[in-house]
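Okay everyone, thanks for making time for this. I'd like to walk you through one protein today, so have a look at the screen.

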Amino acid sequence: MKTSAFRVIVWLVVFAACQKTSEVNHPSGMSAANSVAFTDTIKIPINDLATGTYLGYTGGLYPAGIDTPSGQYAKDLLRFATKIKPLDSSGKASDTGKVLFISLGASTGGNNMKALILKTAGNPKTNPFLFLLNCNNGAGTATLNNIANPNDQYWDHVSLILRSHHVGYKQVQVIYFETDDSLPVNSFPDRANIVRDNFSKAMQVCKSKFKHLKLVYVLGRTTTFDKILVQNQEPCPYYNGWGYKFYIQDQINGIAATRYKGDSAVAPLVTWGWYQWADGTTTPRLDGFVWTKDMTVDGMHADSTGQDTLATRFQNFLLTDRYANVWYANHTKP
């Protein structure tokens, strides 16, 4: 089926599902007869929303409803990616050094990184200098609030992981970041703004600790299916992605607290990996990705099959994305 035809079908399904609630849910000042009123309150994957809106906020992973980097931001992204080279323990370029790629955050992202490590190690398609480490921690010890505190015990955990693998902070150049805050707020855009602000603080801490950090990849979160902690159940996972979207938009707009280049840089350059939110089969994604409860062990954490699905898509992104491919893929001549 052609993409355009599939898109029409998706929105017809959404339209029909919302007819009964449109009188209540449409934004203030917008006619219920307007088609936007029906779609505006539905949680459409951000990468499929395009120039459509959610509660008045335009979709797309990047500004203007688009899903790919553009303009000066895209040029900077390519420049930063190109600068990633093997480093020794002192942070100097070395033919015997490592391209240290770590993950930070909670258990879901940690599980994803574990699977990615297995798919990367010894893979002839990947950069032979890559060294991946899972620095995530579970049980609520690695929230945005923890990571945003430079003196939090979480950072002792990170230091322990690095030391045990004989690498150091000065070698870290790329981070995969996935976690949430610890506040029970589930309104929009309040939740997304809280994520954006706490993530901003976390990025400043990361920049201060990892002197050679260049890129941070965010994927958002997968949806959840059971009544668990407020910050882990819908709509919070959906809003988590919006928080990262807002932050990246701030970087593109040159907001001082997110500045990523020049002598006054206070943060690394943050960009999207592949976006992993999907709501079961209720809201089909145009790329065919679905996420269902039977792909999890508890409604939140992926089972072995689900984890393989997530890590495979993440790796496919890293191997094929114009910018990530520069440092993740193997470009050495046979």
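I'll start with the whole chain, then go through a helix, a pocket and some backbone oddities.

First thing to keep in mind: this is a predicted model. The protein has 334 residues, and 54% of them count as buried. In terms of secondary structure, we get twelve helices and seven strands. Now, take the contacts in the protein with a separation of 6 or more: 69% of those are between residues 24 or more positions apart. As for the outside, the protein exposes about 14700 Å², and 55% of that comes from carbon and sulfur atoms.

Let's pick out a helix, α10, which runs from 236 to 252. How far apart should its ends be? Well, α10 has 17 residues, and at 1.5 Å a residue they should span 24 Å; the end C-alpha atoms are 24 Å apart, so the two agree. Is α10 mostly covered or not? Of its 17 residues, 15 are buried, so α10 is largely enclosed by the rest of the structure. And just after α10 comes glycine 254, with a positive phi of about 75°.

While we're on helices, find threonine 120, which lies in α6, residues 107-120. Is threonine 120 buried or exposed? The cut-off for buried is under 20% relative accessible area, and threonine 120 has 6%, so it counts as buried. What does threonine 120 touch, if we leave aside its neighbours within four places in sequence? The list is Thr126, Leu130, Leu132, Gln315 and Tyr328.

Next, the largest pocket. There's about 360 Å³ of space in there. It is lined by 21 residues, and the closest to its centre are Leu61, Asp67, Thr68, Gly273 and Phe317. What kinds of residues make up the lining? By class, eleven are nonpolar, four are polar and six are charged. Two elements that each supply at least two lining residues are α4, at 46-49, and β7, at 269-272.

Now for the backbone oddities. As a bit of background, most peptide bonds are trans, and most residues other than glycine have a negative phi. So let's look for exceptions.

Where do we find cis bonds? One is the peptide bond from phenylalanine 188 to proline 189, with omega near 10°. Proline 189 sits in the loop between β5, residues 172-178, and α9, residues 190-209. Another cis bond joins glutamate 234 and proline 235, and there omega is about 15°. Proline 235 is in the loop between β6, residues 215-218, and our friend α10.

On to positive phi values. Alanine 50 isn't a glycine, yet its phi is positive, about 55°. You'll find alanine 50 in the loop between α4 and β1, which is 53-54. Alanine 139 is also a residue other than glycine with a positive phi, near 60°. Alanine 139 is in the loop between β4, at 130-134, and α7, at 144-147.

So how do those two alanines sit relative to the surface? Alanine 50 has 23% relative accessibility, so it counts as partly exposed. Alanine 139 has 81%, so that one counts as exposed.

That's my tour, thanks for listening!

Technical notes: Residues are numbered from 1 along each chain as its sequence is written. This is a predicted model: local features need pLDDT of at least 70, side-chain atom pairs count only at pLDDT 80 or more; totals for chains, interfaces and linings use all residues. Side-chain values use heavy atoms; hydrogens and water are left out. On a 1 Å grid over the protein atoms alone, a cavity is a set of points where a 1.4 Å probe fits but cannot get out, and a pocket is an open set with protein on both sides within 12 Å along at least five of seven lines; lining residues have an atom within 4 Å of a point. Grid points are joined across faces, edges and corners, and a volume is the space filled by probe spheres set on the points. Helices (H or I, at least four residues) and strands (E, at least two) are DSSP runs, numbered from the N terminus. Ala, Val, Leu, Ile, Met, Phe, Trp, Tyr, Cys and Pro count as nonpolar, Asp, Glu, Lys and Arg as charged, and the others, Gly among them, as polar. Buried means under 20% relative accessible area, exposed over 50%, partly exposed in between (1.4 Å probe, protein chains only). The expected span of a helix is 1.5 Å times one less than its number of residues. Contact means heavy atoms within 4.5 Å. Accessible areas come from the Shrake-Rupley method with a 1.4 Å probe; for residues, only the protein chains shown count as cover.
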